[in-house]
Amino acid sequence: MDETGKSVRTKRRWHWIALIGLALSVRLGAAAAWDWRFQGRLVFGDSVSYWHLARAAAQGEPFRYGDYGRVFRTPGYPLLLAPLFLMAGESPPFFAARALGAVLGTLGVIATGRLGKLLWGDRAGWCAAFVAAVHPECVLSSVPILSEAAFCPVWVIHLACLAALLQVAESRAAWTWAVCAGLTAGAAAVIRPSALLWLPFVFSVLLLMDRKALPPHLLAAAGCAAIAVLLPWWIRNYSATGRWILTTTQVGPSLYDGCNSNADGGSNMGFMKAAVDETRQSLGDRGTDPLAVELEVDRRLRREAMHWAAENPGQFLRLALVKLRRFWSPIPNERAFNTFPVNLVMAAGFLIVMLPAAAGLVLGTARGTAFLTCWLPAAYFTFLHVIFVSSVRYRQPIMFGLIAAAAPVLVRTIDFLRSGSRRWDKATPPRVPPRKEG
């Protein structure tokens, strides 16, 4: 390699180092500001349960949330938090968990850059990573002590592995990428149950789009790898409950939270106390068994939610539209966070990504592999959250893929502005991933 080539590589390396430092610094600063704003306390009820389960895992106690919740949460995020208790004792500072989230979020930025590079080349990859480093939703996904801090980076790493698999499906490396895609999909589901059906969903769409895109043995390899990650949790649940529970016993309560006559699209679990009390009474002598109550509440609320939706299709559809609006709102849904200048920053970040990403659909840059890895996750999570409860929080994982989808249009726009050309299409076009025929 000549001196010019070495100089370019060195320059790019320092650019990436600076970008990684920026991503980490922004997240640590946001974590410090969050701690200061909320005086070092946990803001969300979900955070309390994750903290409790992390302590239990570190101390070797039963993995349950109180007497009721033996299968209350999947173990992915609590297990990531558990080392903090091993290192800092029974009550580590909450900032330590936020700092861990900042590190994980930085890995997500790197993976976003990798995804953009796989799809459209070096410049688009760097652009995608830069936007992810400073985008408000991406930054905020790392700060609260919530499963998004771990789920988002694992999710975007999975998307990068899936993109690599689709591009090398006919080479020997495809086996490696199939296993990596399956392992990361399984890890994502262990962190956040909503990812459980992603692989069946994306593979079904892939088969409809192009049956020859991925051979059956690669689909099987990815599926088996995902099952291998999930199997220990399934076995543990069977051992603890006598039933095969794929995620948690909160599916029923979560579904009822989104589908009942009093639902407004957001989460309001105020019905749980009455549901538990009524279930205990209906079980009679078995009502004193916390496990029996937990399983029955899950079954009962799941059945009632489905019955309500079937009996009230018009109200269900109207509620779905409310959830759709909440999911894609440019500003936070909760009044506590929908304040100036937070709403202005959030809206600006949303438009900076969504407008060029949508333009990519029109211009044809988002097709094939790009569509499957950038836009299909948006469809998947949108569908889930027009059924379950919805908010901007649940949109955070898909923003990384949409940032990658926006990157080639942003690069092309920058080229147009620099060149001073009168025609936008004379700017350097992005590289579009090859599309298989057949």
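**A helical chain, from one loop outwards**

Phe44 sits in the loop that joins helix H1 (3–37) to helix H2 (45–58). In this predicted model, the residue is partly exposed, its relative accessible area being 27%. Once neighbours within four places in sequence are set aside, the contacts of Phe44 are Trp34, Pro144, Leu146 and Phe337. Val342 is another matter: 298 residues separate Phe44 from Val342 along the chain, and their C-alpha atoms are 18 Å apart.

The loop between H1 and H2 also holds Gln39. Although Gln39 is not a glycine, its phi is positive, at about 55°. With a relative accessibility of 68%, Gln39 counts as exposed, whereas Phe44 is partly exposed.

A second loop worth a look runs between helix H14 (313–327) and helix H15 (342–363), and Pro341 lies in it. The peptide bond leading from Phe340 into Pro341 is cis, with omega near 5°.

Stepping back to the whole chain, the secondary structure is easy to sum up: 17 helices and 0 strands. How does the radius of gyration of the chain fit with a compact globule of 438 residues? Such a globule would come out near 22 Å, and the chain has 23 Å, so the two agree. Along the principal axes, the C-alpha trace spans about 80 × 55 × 45 Å. Of the 438 residues, 51% are buried. Among contacts with a separation of 6 or more, 76% are between residues 24 or more positions apart.

On the outside, the chain exposes about 20,800 Å², and 63% of that area comes from carbon and sulfur atoms. As for charge, there are 45 positive and 27 negative side chains. The centres of these two sets lie 9 Å apart.

Helix H11 (residues 251–258) is a good place to see burial at work. Because 6 of its 8 residues are buried, H11 is largely enclosed by the rest of the structure. Which residues of H11 are buried? They are Gly252, Pro253, Leu255, Tyr256, Asp257 and Gly258. The cover over these residues includes helix H12 (272–283), helix H13 (290–311) and H14. H14 turns up here for the second time, as it also precedes the loop with Pro341.

Aromatic rings come next, with 19 aromatic pairs in the structure. One of them joins Trp198 and Phe201, whose ring centres are 6.1 Å apart and whose planes meet at 40°, so the pair counts as tilted. The label follows from the angle, because planes under 30 degrees apart count as stacked and those over 60 as edge-to-face, with the rest tilted. Both residues belong to helix H9 (residues 198–209), and being 3 residues apart there, they are separated by about one helical turn. An α-helix has 3.6 residues a turn, so residues three or four places apart point the same way.

Are Trp198 and Phe201 buried or partly exposed? Trp198 counts as buried, because its relative accessibility is 0%. Phe201, at a relative accessible area of 29%, is partly exposed. The two rings are also part of a wider group: ring pairs link Trp198 and Phe201 with Phe151, Trp155, Tyr380 and Phe381 into a cluster.

Definitions and conventions: Residues numbered from 1 in each chain as written. Predicted model: local features only at pLDDT ≥ 70, side-chain atom pairs only at ≥ 80, totals over all residues. Heavy atoms only, no water. Helix = DSSP H or I, 4+ residues; strand = E, 2+ residues; numbered from the N terminus. Rg over C-alpha atoms; globule rule 2.2 N^0.38 Å. Buried < 20%, exposed > 50% of the residue type's maximum accessible area, 1.4 Å probe, protein only. Contact = heavy atoms within 4.5 Å. Areas by Shrake-Rupley, 256 points an atom, 1.4 Å probe, with all protein chains shown as cover. Lys, Arg positive; Asp, Glu negative; His and termini not counted. Charge placed at Lys NZ, Arg CZ, Asp CG, Glu CD. Phe/Tyr/Trp six-rings, centres within 6.5 Å; stacked < 30°, edge-to-face > 60°.
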